[in-house]
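Reader: I have some questions about the charged pairs in this model. Please give the reasoning behind each label.

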Amino acid sequence: AQMFEVAALAAHYLWTAALCVYSFGVSPAALGYWIGANVVGGSLVAFVFVQSHNGKEVHAYADVSKNWIRMQVETTRNQFATPFNDWFSGALNMQIEHHLFPTMPRHSLGKTRGRVRELCKKHDLLYEEHGWVECTRRVLSHLDHISRKLD
């Protein structure tokens, strides 16, 4: 499986590089476009990750005091599901459900939200879900807290 992933990633990058060369020829423009596309795409993925994970509890997998479900729920937060958020993040604004069901197709994550909320309420787990502004405020507040500890 790991070799397949390496081969698939290599094929992806070679294919996108080939498309750039086909479109722009062997030129600085082709290289610039390829680098720019990867930076923008990577930044969008990073943005979704930062919003949903930064400032949350971190667990070591060896921590036997926490059960698996608690670890998944406590280490992430959701952004409200809206048509734009679902599209922009590829439905990964539902990180709690994604952590609990990592192989579930993203378009099905929203179907589990109600049941996951009920499960969290029943077992006194914090189901954290906010809008984009509040998620950003929480991340920045956490980073501010950390930076003050470093002074």
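Reader: What separates D144 and R148 in helix α7?

Author: This is a predicted model. In helix α7 (residues 132-150), D144 and R148 are 4 residues apart, which means about one helical turn between them.

Reader: Why is the contact between D144 and R148 called a salt bridge?

Author: The N to O distance between their side chains is 2.9 Å. The cut-off is within 4 Å, so the pair qualifies.

Reader: How do you know whether D144 and R148 are buried or exposed?

Author: Exposed means over 50% relative accessible area, so R148 at 57% is exposed. D144 has 34%, which lies between the limits of 20% and 50%, so D144 is partly exposed.

Reader: Which residues are joined into one network by salt bridges that share partners?

Author: K56, R77, E128, E134, R137 and R138. The count of salt bridges comes to 9.

Reader: What makes E129 and R113 a salt bridge, and what does the pair tie together?

Author: Their side chains meet at 1.6 Å, N to O, and this is within 4 Å. E129 lies in strand β2 (residues 129-130) and R113 in helix α6 (residues 113-122), so the pair ties together parts 16 residues apart in sequence.

Reader: Why are E129 and R113 called buried?

Author: Buried means under 20%. E129 has a relative accessible area of 15%, so E129 is buried. R113 has 10%, so R113 is buried.

Reader: How do you know whether E74 is buried or exposed?

Author: Its relative accessible area is 15%, under 20%, so E74 is buried. E74 meets R70 in a salt bridge of 3.1 Å, N to O, and R70, at 25%, is partly exposed.

Methods. Residues numbered from 1 in each chain as written. Predicted model: local features only at pLDDT ≥ 70, side-chain atom pairs only at ≥ 80, totals over all residues. Heavy atoms only, no water. Buried < 20%, exposed > 50% of the residue type's maximum accessible area, 1.4 Å probe, protein only. Helix = DSSP H or I, 4+ residues; strand = E, 2+ residues; numbered from the N terminus.
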